[in-house]
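Student: Could you take me through one part of this model slowly, explaining how the strands are arranged and what surrounds a residue within them?

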Amino acid sequence: AENVTPKIVTVYSAATGLQKIIPWREGLTVYSARRTARMTWAVGLCQFERGNEILESTFRPVLEPGDVLRFHKP
């Protein structure tokens with residue numbers, strides 16, 4: 001049996017302590033992940049973790065399955 005990793009993105013907000021796991025889909029951006037997680041308040045700067053890398057981000061990058069998105073306090 002093949003080990004299939006779920007296609008998800010994890011979203012954290014340092015300001016509120018929110019943690020949400022959302023389904024990944026083709027073309028999912030940082031902005032659309034934020035909206036899917038229902039984060040409608042000012043979220044501040046963000047970074048995302050992809051494997052062993054931590055990348056500074058704007059709202060435009062396209063996410064990959066398994067990415068962890070962190071919004072810092074505004």
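Tutor: What follows is a close look at the sheet, and then at a residue on one of its edge strands. Please keep in mind that this is a predicted model. The sheet is open and has 5 strands, which follow the order E2-E1-E5-E3-E4 with mixed pairing. At its edges are strand E2, covering residues 19–23, and strand E4, covering residues 53–57, and each of these pairs on one side only. From one strand to the next, the twist averages 20°. In general, the strands of a sheet pair through backbone hydrogen bonds, and they can do so either parallel or antiparallel.

Let us now stay with the edge strand E2 and its partner. Strand E1, residues 8–13, runs antiparallel to E2, and 5 bridges join the two. Within this pairing, Val9 stands opposite Ile22 in E2.

Strand E2 is also where Lys20 is found. Lys20 has a relative accessible area of 29%, and because partly exposed covers the range between under 20% for buried and over 50% for exposed, Lys20 counts as partly exposed. If we leave out residues up to four places away in sequence, Lys20 touches Val9, Thr10, Val11 and Ala37. As for Glu49, which is 29 residues from Lys20 along the chain, the C-alpha atoms of the two residues are separated by 15 Å.

Terms used:
Residues numbered from 1 in each chain as written. Predicted model: local features only at pLDDT ≥ 70, side-chain atom pairs only at ≥ 80, totals over all residues. Heavy atoms only, no water. Pairing = 2+ DSSP bridges. Helix = DSSP H or I, 4+ residues; strand = E, 2+ residues; numbered from the N terminus. Axes fitted to C-alpha atoms, helices over the stretch in contact; angles between N-to-C directions. Buried < 20%, exposed > 50% of the residue type's maximum accessible area, 1.4 Å probe, protein only. Contact = heavy atoms within 4.5 Å.
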